[in-house]
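Me: I've got a structure here and want to know what the labels really rest on. Can you set each value against its definition as we go?

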Amino acid sequence: MIVGSVPVPGLVLGPEEVHRTVRRLADELSTRHEDGTVLVAVLKGSLLFMADLVREVRFVPEVDFMAVSPYPSGGGRVRLEKDLEIDIEGRDVVLVEDVVDTGHSLTLLRHELERRGPRSLSVCAMVDKRARRLVPVPIEHVGVSVSADYVIGYGLDFAGRYRNLDLIASADPAELARDPDRYLAWAYARRPARR
Ligand SMILES: O=P(O)(O)OC[C@H]1O[C@H](OP(=O)(O)OP(=O)(O)O)[C@H](O)[C@@H]1O
Ligand SMILES: Nc1nc2[nH]cnc2c(=O)[nH]1
């Protein structure tokens with residue numbers, strides 16, 4: 001979105017809508033899951049989402065973390081950077097993702113978790129960029145589907161910025177590549193007042 005000569009991101013979900021979305025997803029999970037369900041967050045982007053989700057679910061979750069990263073050679077290949085600490089065989093597992101883009105990361109993660117023999121496995125993703133998908137992969141619980149190419153906020157960064165925002169916005173990656181701080185003033189002006 002361009003206002004005058006200053007490009008600004010498009011708001012996808014404001015802080016209230018983010019919170020409502022997390023509550024809805026937590027309700028969905030709570031109808032299907034019971035105490036002991038393992039919530040696996042994918043680092044680093046799922047940091048805020050996971051922190052909010054565990055406070056909204058109505059069962060006692062166990063939490064663990066994984067991380068993946070693309071091979072430098074590219075081509076959509078992804079490798080596991082950090083593995084779980086717990087054994088998930090026979091457990092109900094929910095993978096908590098901030099965003100699904102091409103689907104390469106989620107495909108690897110689903111495969112990795114499935115082969116360990118969980119009792120059930122589902123995915124809860126805050127943002128689904130469906131139009132960008134290169135590999136079809138199931139997502140059982142979706143927060144918001146967006147047509148944007150690139151989103152920031154609520155865990156999603158550009159060069160380390162914007163993760164700590166309570167909102168989700170679409171942004172122009174070319175603009176961010178030119179100036180990673182481009183949207184900081186816009187974003188910080190929208191931070192909720194401190195309680
Ligand atoms: O569907 P894909 O194209 O594979 O993209 C999705 C991946 O991208 C994000 O991580 P990111 O690489 O931004 O790392 P970060 O969470 O550590 O910032 C997200 O957490 C997924 O793991
Ligand atoms: N920040 C950010 N990271 C991503 N990784 C994959 N897609 C995205 C996105 O839209 N935004």
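Me: What makes β4 and β5 a pair, and in which sense do they run?
Reply: They run parallel and are joined by six bridges. Two strands count as paired if DSSP finds at least two bridges between them, so β4 and β5, with six, qualify. One matched position is Ala 41, which faces Phe 65 in β5. The strand and helix labels themselves are DSSP runs (E, at least two residues, for strands; H or I, at least four, for helices), numbered from the N terminus.

Me: Before we go on, how should I read the numbering and the confidence?
Reply: Residues count from 1 along each chain as its sequence is written, while chains are lettered from A and ligands numbered from 1 in the order they are written. The model is predicted, so local features need pLDDT of at least 70 and side-chain atom pairs count only at pLDDT 80 or more, whereas totals for chains, interfaces and linings use all residues.

Me: Which other strands pair with β4 or β5, and how many bridges do they have?
Reply: β5 and β6 run antiparallel over four bridges, with Ser 69 standing opposite Arg 79 in β6. β4 also has four bridges to β7, this time in the parallel sense, and there Val 38 sits opposite Val 93.

Me: Why is β4 called mostly covered?
Reply: Five of its six residues are buried. Buried is a neighbour count: 20 or more other C-beta atoms within 10 Å of a residue's own, with 12 or fewer for exposed, partly exposed in between, and C-beta atoms placed from the backbone.

Me: What makes the buried residues of α3 line one face?
Reply: The buried ones in this helix, residues 104-114, are Ser 105, Leu 106 and Leu 109. Looking down the axis of α3, they fall within an arc of 90°, so they line one face of the helix; that arc is taken over the directions from the helix axis to the C-beta atoms. His 111 and Glu 114 are exposed on the other side of α3.

Me: What do those buried residues of α3 pack against?
Reply: Their partners are β4 (38-43), β5 (62-70), β6 (78-82), β7 (92-100) and β8 (120-128). Contact here requires that two C-beta atoms, placed from the backbone, lie within 7 Å.

Me: How many residues surround ligand 1, and which come nearest?
Reply: There are 16, of which Lys 44, Gly 45, Asp 101, Thr 102 and Ser 105 come nearest. To count as near, a residue's C-beta atom, placed from the backbone, must lie within 6 Å of the molecule. β7 gives the largest share of that shell, four residues, and β4, β7 and α3 each supply at least two.

Me: What is the chemical make-up of the two ligand shells?
Reply: Around ligand 1 there are six nonpolar, five polar and five charged residues. The classes are simple: Ala, Val, Leu, Ile, Met, Phe, Trp, Tyr, Cys and Pro are nonpolar, Asp, Glu, Lys and Arg are charged, and the others, Gly among them, are polar. The shell of ligand 2 has six nonpolar, no polar and two charged residues; its members are Val 99, Asp 101, Tyr 150, Val 151, Ile 152, Leu 156, Asp 157 and Phe 158.

Me: What is the omega at the bond between Leu 43 and Lys 44, and where does Lys 44 lie?
Reply: Omega is about -5°, and the peptide bond is cis. Lys 44 lies in the loop between β4 and α2 (47-56). Most residues other than glycine have a negative phi, and most peptide bonds are trans.

Me: What is the phi of Tyr 154, and why is Tyr 154 called buried?
Reply: Its phi is positive, about 50°, although Tyr 154 is not a glycine. Tyr 154 has 30 other C-beta atoms within 10 Å, so it counts as buried. Tyr 154 belongs to the loop between β10 and β11.

Me: How do you know whether Tyr 162 and Leu 184 are buried or partly exposed?
Reply: Tyr 162 has 25 C-beta neighbours inside 10 Å, so it is buried. Leu 184 has 13 others within 10 Å, so it is partly exposed. The C-alpha atoms of Leu 184 and Tyr 162 are 7.4 Å apart, though 22 residues separate them along the chain.
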